[in-house]
Amino acid sequence: MAHDNLPSEPTFSFWSGVFLPVEHKGHSIVAHNSSWTSRMTIWVDGEVIVSQSSWKFICEQDINVGSETLATRFGWAKRGFKFEVFDGDTLIGSADYPMKSIGWKQILPFVLLGMALGFSVEHFNLFG
């Protein structure tokens with residue numbers, strides 16, 4: 001399965017997940033983690049090389065890029081996603097996408113909605 005519209009910069013979308021691209025010797029390597037499933041996918045030059053489901057925080061995978069076998073590490077690390085590509089023990093490429101911490105402005109609407117729903121259920125005796 002080929003994918004023609006892979007990003008060239010780290011991107012995140014609530015709907016589609018995180019995409020982390022790395023370039024190595026003219027080859028495009030893109031890692032993707034789905035927002036809604038545990039599926040991790042790695043493309044090399046637009047072709048799917050790895051597509052697996054995993055609930056691990058960090059997935060390690062060996063991939064073939066041209067005539068080389070490279071090791072990858074991809075997953076959640078210190079409040080963000082990180083994708084690293086190694087040739088042996090040497091880091092040859094990496095990409096990351098830091099996630100912002102949630103503040104009170106993001107939580108307050110949910111607290112108010114919960115209070116309104118709780119009050120409505122109790123006051124109007126909706127479940128009983």
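This report is a short tour of a predicted model, from its core outward to its helix, loops and charged pairs.

## The nonpolar core

A good place to begin is the inside. The largest nonpolar core has 18 residues, and the members that touch the most others are Leu20, Ile29, Ile42, Ile63, Phe74 and Phe83. Several strands contribute to this core: β2 (17–24), β3 (27–33), β4 (39–44), β6 (58–65), β7 (68–76) and β8 (80–87) each give at least two residues.

Phe83 is a helpful residue to look at up close. Setting aside neighbours within four places in sequence, Phe83 has contacts that include Leu20, Ile29, Ile42 and Phe74. The list for Phe83 also holds Val22, Ala31, Thr72 and Arg73, along with Gly93, Ser94 and Ala95.

## Tyr97 and its surroundings

Strand β9 covers residues 90–98, and Tyr97 is part of it. Tyr97 has a relative accessible area of 26%, so it counts as partly exposed.

Which residues does Tyr97 touch, not counting those up to four places away in sequence? They are Pro10, Thr11, Phe12, Val18, Leu20, Gly80 and Phe81. Leu20 is a familiar name here, being one of the core residues that touch the most other members. You can also find His32 from Tyr97: the two are 65 residues apart along the chain, while their C-alpha atoms are separated by 12 Å.

## The helix and its nonpolar patch

Now turn to helix α1, which runs over residues 104–123 and contains Met115. Its 20 residues, at 1.5 Å a residue, should span 28 Å, and the C-alpha atoms at its ends are 27 Å apart, so the two values agree.

On the surface, Trp104, Ile107, Leu108, Val111, Leu112 and Met115 make a nonpolar patch of about 630 Å². Met115 has a relative accessibility of 55%, and therefore counts as exposed. A general point helps when reading the numbers of the patch members: an α-helix has 3.6 residues a turn, so residues three or four places apart point the same way.

## Positive phi angles

Some backbone angles deserve a look too. Most residues other than glycine have a negative phi. Lys25 has a positive phi, near 50°, and is not a glycine. Lys25 sits in the loop between β2 and β3, and with 63% relative accessibility it counts as exposed.

Asp45 is another non-glycine residue with a positive phi, about 50°. Its place is the loop between β4 and β5 (47–53). Asp45 has a relative accessible area of 45%, which means that it is partly exposed. Just after α1, Asn125 also takes a positive phi, of about 50°.

## Salt bridges

Side chains of opposite charge can pair when their charged atoms come close. How many salt bridges are counted in this model? The count comes to 3. One of them brings together the side chains of Glu68 and Lys25, at 3.5 Å from N to O. Glu68 belongs to strand β7 and Lys25 to the loop between β2 and β3, so this pair ties together parts that are 43 residues apart in sequence. Is Glu68 buried or exposed? Glu68 is buried, because its relative accessible area is 19% and the cut-off for buried is under 20%. Its partner Lys25, at 63%, is exposed.

Arg73 takes part in further pairing. Glu60 forms a salt bridge with Arg73, with the closest N and O atoms 3.0 Å apart. This pair links distant parts of the chain, Glu60 being in strand β6 and Arg73 in strand β7, 13 residues apart. Glu60 is exposed at 57% relative accessible area, and Arg73 is partly exposed at 32%.

The side chain of Arg73 also meets that of Glu84 in a salt bridge, at 3.6 Å from N to O. Here strand β7 holds Arg73 and strand β8 holds Glu84, and the two residues are 11 apart. Through shared partners, salt bridges join Glu60, Arg73 and Glu84 into one network. Within that network, Glu84 is buried, with a relative accessible area of 13%.

Technical notes:
Residues are numbered from 1 along each chain as its sequence is written. This is a predicted model: local features need pLDDT of at least 70, side-chain atom pairs count only at pLDDT 80 or more; totals for chains, interfaces and linings use all residues. Side-chain values use heavy atoms; hydrogens and water are left out. A nonpolar core is a set of buried Ala, Val, Leu, Ile, Met, Phe, Trp, Tyr and Cys residues joined through side-chain atoms within 4.5 Å. Buried means under 20% relative accessible area, exposed over 50%, partly exposed in between (1.4 Å probe, protein chains only). Helices (H or I, at least four residues) and strands (E, at least two) are DSSP runs, numbered from the N terminus. Contact means heavy atoms within 4.5 Å. Patches are made of residues with over 30% relative accessible area and no salt bridge: like charges are joined within 9 Å, nonpolar side chains (Val, Leu, Ile, Met, Phe, Trp, Tyr) within 5 Å. Accessible areas come from the Shrake-Rupley method with a 1.4 Å probe; for residues, only the protein chains shown count as cover. A salt bridge is a side-chain nitrogen of Lys or Arg within 4 Å of a carboxyl oxygen of Asp or Glu. The expected span of a helix is 1.5 Å times one less than its number of residues.
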